[in-house]
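User: I should like to learn how to read the strand pairing and side-chain directions of a structure. Please take me through one case.
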Amino acid sequence: MPWDPIKLNDCHTMPSIAFGTWKLGNGQGPTDQVDQAISVGFSHVDTAQAYRNETEAGTAIRESGLGRKDIFITTKYSGLDGLDIKTSIRNSLKNLGVSYIDLYLIHHPRLAVPDIPTAWKEMEELKQKGLVKSIGVSNFDVPDLKILLDSAKIKPVANQILLHPYVYARQAPIIEYGAANGIVTEAYSALIPITQLPGGRVDAPVNSIAERLGATPDQVLLAWVKAKGAVVVTTSSKKMRLEGYLRAGDLELTQEDIASIDEAGAAGATQSRKRNILRRAGIVAISAACIWGLWLLGEVDIL
């Protein structure tokens with residue numbers, strides 16, 4: 001299946017689709033789900049300290065029988081329990097039961113304390129010590145990346161961001177800046193148009209493309225992410241869906257397909273903003289009317 005590995009700027013490679021453990025909780029459930037993902041063919045597991053299921057992911061990875069070099073592990077520094085980067089990586093290694101992490105990310109720029117250059121220097125030290133093979137960031141925008149690159153001795157290999165058609169126009173500058181600087185974009189929550197915002201503008205082109213290609217809408221959205229040059233981070237508890245996600249790597253979208261999804265996403269985002277503005281205006285108007293009514297009844301003093 002052509003979810004081909006992506007070469008990173010430090011010469012390591014990363015599988016271009018990952019199974020993510022966000023929102024899986026902890027206990028036996030996430031262990032079973034990671035095990036299932038590996039069994040159907042996923043070779044990249046994406047977790048984080050904040051997800052509180054590194055241990056469960058590590059158990060599934062060890063029980064899979066795969067050699068360490070055959071599974072790519074991403075985890076993130078999330079500032080959990082107020083711990084620093086140096087302490088947190090040791091905890092993650094212990095939780096996952098491995099001697100190194102393939103990709104270690106700063107989960108959000110606000111976690112880069114006391115500032116981005118200082119935090120990034122600590123990340124560079126982890127790589128130099130061999131505790132991690134590659135280092136990167138998550139949820140960084142262009143100004144954050146510029147601050148980082150101004151002082152970095154080692155470039156981040158990846159920036160994991162929210163990416164789906166309704167936010168593409170907003171996120172495109174981050175993707176473009178990353179590409180110009182050798183930073184791979186990883187995309188999470190690509191299926192939001194289906195899972196959380198059904199009935200929106202994106203549905204029509206996605207459904208039409210899916211019908212033409214004999215695919216499902218979720219496969220089309222993952223193929224769209226791939227067409228943007230981004231690594232997919234996705235999840236499902238359903239084996240059939242995971243198998244479908246892997247088959248999505250075979251889909252070839254035309255430039256017209258991609259453009260139609262982009263345009264629908266932009267139109268849908270504009271429509272959503274207008275609805276939000278009207279909703280907020282309505283709330284203000286109702287609140288004002290209630291206050292005015294109470295004033296007329298003599299129950300509040302607005303002077």
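Analyst: The following turns treat strand order, pairing, side-chain direction and helix placement. This is a predicted model, in which local features need pLDDT of at least 70 and side-chain atom pairs count only at pLDDT 80 or more, while totals for chains, interfaces and linings use all residues. Residues are numbered from 1 along each chain as its sequence is written, and side-chain values use heavy atoms, with hydrogens and water left out.

User: In what order do the eight strands close into a barrel?

Analyst: Strands of a sheet pair through backbone hydrogen bonds, either parallel or antiparallel. Here the order is β3-β4-β5-β6-β7-β8-β9-β10, with parallel pairing (strands are DSSP runs of E, at least two residues, numbered from the N terminus; a pair requires at least two DSSP bridges). From one strand to the next, the twist averages 30 degrees (angles run from 0 to 180 degrees between N-to-C directions of axes, which are lines fitted to C-alpha atoms, for helices over the stretch in contact).

User: Which strands pair with β10?

Analyst: Strand β3 (residues 17-20) is joined to β10 by three bridges, and Ile 17 stands opposite Val 232. Strand β9 (residues 184-188) also pairs with β10 over three bridges, where Tyr 188 faces Val 233 as its opposite residue.

User: Which way do the side chains of β10 point?

Analyst: In a regular strand the side chains alternate between the two faces of the sheet. In β10 (residues 231-234), Val 231 and Val 233 point one way, Val 232 and Thr 234 the other, and all are buried (under 20% relative accessible area, 1.4 Å probe, protein chains only).

Note on methods. Helix = DSSP H or I, 4+ residues; strand = E, 2+ residues; numbered from the N terminus. Buried < 20%, exposed > 50% of the residue type's maximum accessible area, 1.4 Å probe, protein only.
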